[in-house]
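Here is a short report for a reader who has not met this structure before. Look at the chain first, then follow the text from charges to surface to backbone.

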Amino acid sequence: MAEPGLRFMLALAALNTATGTESVIRTFTPFYFTVEPADTLAIRGASVILNCSVFAEPSAKIEWRKDGTFLNLVSDERRQMLPEGSLLTRSVVHSKHHKPDEGFYQCVATIDSLGTIVSRTAKVTVAGLPRFGGQPQAVSVHQGDSTLLGCEVNGDLVPFVRWEHNRQPVVLEGRFLKLPSGSLEISNVSDIDAGSYRCSVETAGLSKTSEETELTVLPETGVERKMKFLQQPVPVSKIAGQTVILPCVVSGYPTPTIHWSRNSETIFERFQKITLVGSGNLEISDVTEDDAGIYNCIVENGNETVHAQTELSVQVPPHFLKRPVNIYAHESMDIVFECEVMGTPMPTVKWIKNGDMVIPSDYFKIVNERNLQVLGLVKSDEGLYQCVAENDVGNERASAQLIILEHDVPIPTFPPPSLTSATADHLAAAKAGLLPSAPRDVMALLVSTRFIKLTWRPPAEPHSEILTYLVYYSRDGTNRERVENTSRPGDLEVTIGDLMPDVKYVFRVVAHNKHGAGDSSSPFKVATQPEVQVPGPAQNLVAQANSPTSITVTWQEPHSANGPIVNYKLYYMEKGADGEQDVDVGSLSYTMNGLKKFTEYSFRVVAYNKHGPGVSTEDVEATTYSDVPSAPPQNVTLEVRNSKSIVVHWQPPPPGTHNGVITGYNIRYKKGGRRGETDTTGGSQLSQIIDGLERNTEYSFRVSATTVNGTGPASDWVSAETFESDLDESRVPDKPSSLHVRPLINNIVVSWTPPENQNIVVRGYTIGYGIGSPHAETIRVDYKQRYYTIGNLEPNSHYVITLKAYNRNGEGIPLYESTATRPLTDPFDPSEVYIFDLFNNPYTPVPDPSPMLPPVGVQATVLTHDTIRVTWADSSLPKNQKITDARFYTVRWKTNYPANTKYKTADTTTLSYIVSGLKPNTLYEFSVKVTKGRRSSTWSMTAHGTTFETVPTSPPKDLTVVSKEGKPRTIIVNWQPPSEANGKITGYIIYYSTDISAEIHDWVIEPVVGDRLTHQIQDLTLDTSYFFKIQARNSKGMGPLSEFVQFRTPKALGSPGKFGKIPPMMDSGSDTRHSISGHNSPHGSPTSSLDSNTMLIIIISAGVFTIIIVVIIALICTRRTNYQQKK
């Protein structure tokens, strides 16, 4: 701060010397706080210091304010100001009814010739006397289990809690952890932990100790104990930069395993950032806004799973994005101090001038809720201005100085952006020469209620070209002038706006030539028109919701109608919409119907009389009532955990269909045709574990969302089958049974087979590879995958590859393989190398000797069925991750199905990229590299994302219909799944009818479950043509219908039916058509419209024609051969 000010003062000195002006330009005085007081927790009876130090030349007078009132430190025996300005309070006083030292303190610094600045507000809180809300209770715990010893104290005393075991201090590390409540957690209890425990609180020499309690350690019997929460996580709010512990303490046998998820995504430990402490508590260091969200503690022990969730909110104190800057100005100018702040919650901004709050008025205005505009400057506006930003977790302030120069002193710099456009054009330095005389005949061309248009004649003696005119104006009787300049040289008129109705104003005009400002014209007075013809605002405007789709708005007539009210115009707007809508109303109320459910609207009313619209009312808001959701949850999927449990996952209903706050979800599940059961969850939960299921049994699930009004529609049923037996996850998987590699020029195809021991859970495979070492790059793939193509490799290089299976217990034994990629000159095998690759793979340059670090923290966030956002961080950028150079990032992505899929890439200059045009319900892998000039990094670690499902976009394939042997009234329909299923097929619907022209809803339907590709239809009518179509459905809805297939049932027993994709030509006999209901089926099936005799004639004719053609061709070939032999 001081260095730029010094350079500026030197520049001013040089300017004064160069111009030789007699008037001295005052410089800005460095005046700021070097240390400001901070929020402090004081101890009763102890001393407390609030620090304050000021940089000022000359020295500043320092005072202290408490709760807005200056402290009299001369007569105060306990308070003393230290030499540098800090405030010392001895023997802090605090009782239930007398708290003189608690409150809000500010350090105030003043330089008489300059002004006053005020420090940030510091809150002093006094910790109460140590006392216990409850005593620790005796506890019995089994060996190896976890336990909790409570110590109930006030929240501000938790940092002072200490624990003792057998009267010896407990070292809080390893198995011993003090939770945020002050309780002591002991994990993996052993016999040495038995004994007496007590907690103590000690503050400033005052201490209090709880009663002793006994911890008894019981031997482990091996008998199952149901899991029980000893401490669940509770909602917590932290300030950015702090450390938070989310407690989750559970007892039970077998010993529980605890892991965490955030916003339904599994959390992995990160060095020095996220760690598990104690038995499973989550500790997050240096929290940021990105860490906020819903956290779920998931506890499993092989027999059951329980979970508890909480919310972490992160608040950020105010910080400045743009600080106000010092300003030079002349009287009558308009200026703006700019101030831009951020924080969570969003800070409010207010302004202080010389230590006093700025109250908005006609001349002091708060613009855009943060900037201070001062209109028509006067000399008394000089001083120090402070922008004060405050939110719930802090306050900050930044100061700037305003110096008003004499009119004959030029402003020493180019007009800063803080000057308004109305006053920025007349700041050029004056030069010696003849100045113009006063403009003549100033008069008003047009006078309205809110503006006046002035005109004048040029000066009689301009002495050179007039560059501009300045119009000074003020209210009659005040000395605060404002100024407006003409927009173009030579203009002789100007419009002054934003005036008040029925107010007299004084105007004068000054001409400027190249030498400076000339004489002022004589004052000219004129009053604006009174604004009395139109109505005032309507009174008592009230908006009240009646239903989820209607709001009634009522009001009363204006106090000043200024004549009969013709009608009212009601303006309304949905919150967040771009523009208002309006409706004419002839009464004092109106009911808006057809509104969106649970949506906030704003309303205002304007009264009309014969003169036109009056003054608008202030806006009022109302929100339509909530209702049940109008759409089901999306993307319902099932994950089979073991033989007795299935996890149900889903996404909320689409935006705009919630119709209220989602308070919970109902999970309905059943097996076979049974009635089923219902489980419920909270509104923020997007998964649920269903336990207690039967082994090797298929269950169907559907999910519906609820609001306070009830339950919305349910999703389609989805099914999954529990395991026949539980697999073991108490140990890592065995090594894969085989590993094969096939090298190409820039790729290596890796394939493998799973471990021979199929009784151990495998959740995926880890592939490592690198030149000479397998640890350079790592990729994780799904447990179902059996091959992977490693791309972007160096030609003619030796790579080592490792493969490991993993589960939640860790990674298994690796398999190793090594191979060398082929050289660029190696002949290629067409079965292994694609022609596209040969011509499009770029030459791989020699790596830079100092490559850049690859991006880190790559994440893939699924947005829609065809869009995924990829984000990352760049460890070579500053902490704020701001890009200031010409680097760019390359994002590559591909799917592994089919195996020969090629990478696609895109370049971006930001730290995120939205990849679109993806296939629905498809797993993609993403990686990123950074390039700067000729330097590039290696590819980053891979992130994966599976796009959401969408409705099938193609019909089922290969629809065929055949008769069932021996049953002429029964047919068998066969088909194949759609090419573009876009999700798991949950069912098919077969449509059939004897009338091809009938509406589809009049066709008979036969539903089929999603895992079937054949279906029998019985009791059809003999010798009848049927038309068949089929469509598939998934969790998102129905796909398109297939083309029809025609089939004719046999005439009698033993006669085969006929089918084919032929035009719908029906037999002329009346018995070939049936009137078939769309829901009650006689169960027929399709055939050809040609009878058997006609078909026989066609076949014989075709055969005879074919024989004739063959004979003719043979004769021609024989003659040609004989001719060649003779020749």
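A salt bridge here is a side-chain nitrogen of Lys or Arg within 4 Å of a carboxyl oxygen of Asp or Glu. Asp 76, Arg 78, Arg 79 and Asp 101 are linked in a network of such bridges. The model is predicted.

## The chain as a whole

The protein chain has three helices and 88 strands. Of its 1127 residues, 44% are buried. Contacts often span the sequence: among those between residues at least 6 apart, 64% join residues at least 24 apart. The exposed area of the protein chain is about 58,100 Å². Carbon and sulfur atoms supply 52% of that area.

## Salt bridges

How many salt bridges are there by this rule? The count comes to 37. Three pairs are listed here.

| Pair | Closest N to O |
|---|---|
| Glu 338 and Lys 322 | 2.6 Å |
| Lys 453 and Glu 493 | 3.5 Å |
| Arg 508 and Glu 481 | 2.9 Å |

Take the salt bridge of Glu 338 with Lys 322. This pair links distant parts of the chain, 16 residues apart. Glu 338 sits in the loop between β32 (335-337) and β33. Lys 322 belongs to strand β30 (residues 305-322). Glu 338 is partly exposed, at a relative accessible area of 22%. Lys 322 is partly exposed too, at 38%.

Next comes the salt bridge of Lys 453 with Glu 493. Here the partners are 40 residues apart, and the pair links distant parts of the chain. Lys 453 is in strand β41 (residues 452-457), and Glu 493 is in strand β44. Lys 453 is partly exposed, with a relative accessible area of 26%. Glu 493 is partly exposed at 38% relative accessibility.

Then there is the salt bridge of Arg 508 with Glu 481. Arg 508 lies in strand β45 and Glu 481 in the loop between β42 (468-475) and β43 (482-485), so the pair ties together parts 27 residues apart in sequence. Is Glu 481 buried or exposed? Glu 481 counts as buried, because its relative accessibility is 17% and the limit for buried is under 20%. Arg 508 is partly exposed, with a relative accessible area of 23%.

## A buried charge without a bridge

Arg 65 is found in strand β5 (residues 61-66). Arg 65 is buried, yet has no salt bridge. Which side chain of opposite charge is nearest to Arg 65? That is Asp 356, 5.1 Å away. A salt bridge must fall within 4 Å. Leaving out residues up to four places away in sequence, Arg 65 touches Phe 70, Phe 104, Tyr 105, Gln 106, Val 108, Val 118 and Gly 355.

## Surface patches

One surface patch is negatively charged. Glu 698, Glu 721, Glu 724 and Asp 1011 gather there. Glu 698 belongs to strand β61 (residues 698-707). Glu 698 is partly exposed, at 43% relative accessible area.

Another surface patch is nonpolar and covers about 750 Å². Its residues are Ile 1100, Val 1104, Phe 1105, Ile 1108, Ile 1109, Ile 1112, Ile 1113 and Ile 1116. Ile 1109 lies in helix α3 (residues 1092-1126). At 36% relative accessibility, Ile 1109 is partly exposed.

## Backbone details

Where are cis peptide bonds found? One runs from Tyr 253 to Pro 254, with omega near 0°. Pro 254 is in the loop between β24 (249-253) and β25 (257-262). Another cis bond runs from Thr 344 to Pro 345, also with omega near 0°. Pro 345 lies in the loop between β33 (340-344) and β34 (348-353).

Ser 91 is not a glycine, yet its phi is positive, near 50°. Its place is the loop between β8 (87-89) and β9 (103-111). Ser 91 is partly exposed, with a relative accessible area of 42%. Asp 502 has a positive phi of about 55° and is not a glycine either. Asp 502 sits in the loop between β44 (493-496) and β45 (504-513). Asp 502 is exposed, at 56% relative accessible area.

Gly 586 lies in the loop between β51 (581-585) and β52 (589-592). Gly 586 is exposed, with a relative accessible area of 76%. The C-alpha atoms of Gly 586 and Tyr 568 are separated by 6.1 Å, and the two residues are 18 residues apart along the chain.

Conventions:
Residues numbered from 1 in each chain as written. Predicted model: local features only at pLDDT ≥ 70, side-chain atom pairs only at ≥ 80, totals over all residues. Heavy atoms only, no water. Patch = residues over 30% accessible without salt bridge, like charges linked within 9 Å, V, L, I, M, F, W, Y side chains within 5 Å. Areas by Shrake-Rupley, 256 points an atom, 1.4 Å probe, with all protein chains shown as cover. Lys, Arg positive; Asp, Glu negative; His and termini not counted. Charge placed at Lys NZ, Arg CZ, Asp CG, Glu CD. Helix = DSSP H or I, 4+ residues; strand = E, 2+ residues; numbered from the N terminus. Buried < 20%, exposed > 50% of the residue type's maximum accessible area, 1.4 Å probe, protein only. Contact = heavy atoms within 4.5 Å.
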